[in-house]
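Let's take a walk through this structure together, moving from strand pairing out to the chain as a whole and then down to individual side chains. Have the 3D view ready to turn as you read.

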Amino acid sequence: MDELDSALVRLLQENGRRTNRDLAQELGIAPSTCLERVRSLRERGVLTGFHAEADLPALGRGLQAMIAVRVRPPTRAVIEEFQSFAAQMPEVISVFVLTGTDDFLLHVAVRDTDHLHAVVLDKLTERPELADVRTSVVYGHLRKKVIGPA
């Protein structure tokens, strides 16, 4: 990636809805060059997609939590099965597979504490492979919108 590619990635992370013409004008390049560069970034897997970000409270999911999960036995089959299960849960926003004490960290968004309680008790602890679960309510969440190359 050169400086132009990095600048394109930054601008698209800031606003993925910018037009090709706007991007080209901001970078001082021809629209055709800009289009080719963006196409190349997508083909190389640098840009993996574009999405709309939704306001969780507006969707009726005003409470977020992180749920640390440990499964037993920690075999590939058990981990892959639990990962698939967790990813299918409508309350789950992200599934992190970890090393260390916990095997998974689930980021969930739910209506309220009763809904969170039901997710933990009725969905997670019913799983036979679940060895431990710890829940932490999220008071605030900031996400970096622009991530530059290392």
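Start with strand β1, residues 63–71, which runs antiparallel to β4 and is joined to it by eight bridges. To find your place in this pairing, look for Met66, whose bridge partner in β4 is Ser136. Keep in mind as you look that this is a predicted model.

Now widen the view to the sheet that this pair belongs to. It is open, has four strands in the order β2-β3-β1-β4, and its pairing is antiparallel. The edges are formed by β2 (92–97) and β4 (130–138), each of which pairs on one side only. From one strand to the next, the twist averages 20°. As a reminder, the strands of a sheet pair through backbone hydrogen bonds, in either a parallel or an antiparallel way.

At the β2 end of the order, five bridges join β2 to β3, and these two strands run antiparallel. Val92 stands opposite Val108 in β3. The two strands form a hairpin with six residues between them, and Gly100 in the turn has a positive phi of about 100°.

What lies across the strands? Helix α4, residues 76–88, lies across β1, β2, β3 (104–110) and β4. Its direction is at about 165° to that of β2.

With the sheet in mind, step back to the whole chain. It has five helices and four strands, and from the N terminus on they run α-α-α-β-α-β-β-α-β. The radius of gyration is 20 Å, whereas a compact globule of 150 residues would have one near 15 Å. Along the principal axes, the C-alpha atoms fill a box of roughly 60 × 35 × 20 Å. Buried residues make up 29% of the 150 in the chain. Of the contacts with a separation of 6 or more, 64% are between residues 24 or more positions apart. The chain exposes about 9900 Å², and carbon and sulfur atoms supply 51% of that area.

Next, zoom in on a histidine. His115 sits in helix α5, residues 113–124. Is it buried or exposed? With a relative accessible area of 13%, His115 is buried, because the cut-off for buried is under 20%. Apart from its neighbours within four places in sequence, His115 is in contact with Glu91 and Val110.

Finally, turn to the charged side chains, where the structure holds 15 salt bridges. One of them joins Glu26 to Arg18, with the closest N and O atoms 2.8 Å apart. Glu26 is partly exposed at 48% relative accessibility, and Arg18 is partly exposed at 22%.

Another salt bridge links Arg39 and Glu36, with the closest N and O atoms 2.7 Å apart. These two residues are separated by about one helical turn, because they are three residues apart in helix α3 (residues 31–43).

A further salt bridge brings you back to the sheet region: the side chains of Asp103 and Arg72 meet at 3.4 Å, N to O. This pair links distant parts of the chain, with Asp103 in the loop between β2 and β3 and Arg72 in the loop between β1 and α4, 31 residues apart. Asp103 counts as buried at 10% relative accessibility, while Arg72 is partly exposed at 37%. Elsewhere, Asp2, Asp5, Arg37 and Arg44 are joined into one network by salt bridges that share partners.

Technical notes. Residues numbered from 1 in each chain as written. Predicted model: local features only at pLDDT ≥ 70, side-chain atom pairs only at ≥ 80, totals over all residues. Heavy atoms only, no water. Pairing = 2+ DSSP bridges. Axes fitted to C-alpha atoms, helices over the stretch in contact; angles between N-to-C directions. Contact = heavy atoms within 4.5 Å. Rg over C-alpha atoms; globule rule 2.2 N^0.38 Å. Buried < 20%, exposed > 50% of the residue type's maximum accessible area, 1.4 Å probe, protein only. Areas by Shrake-Rupley, 256 points an atom, 1.4 Å probe, with all protein chains shown as cover. Salt bridge = Lys/Arg side-chain N within 4 Å of Asp/Glu carboxyl O.
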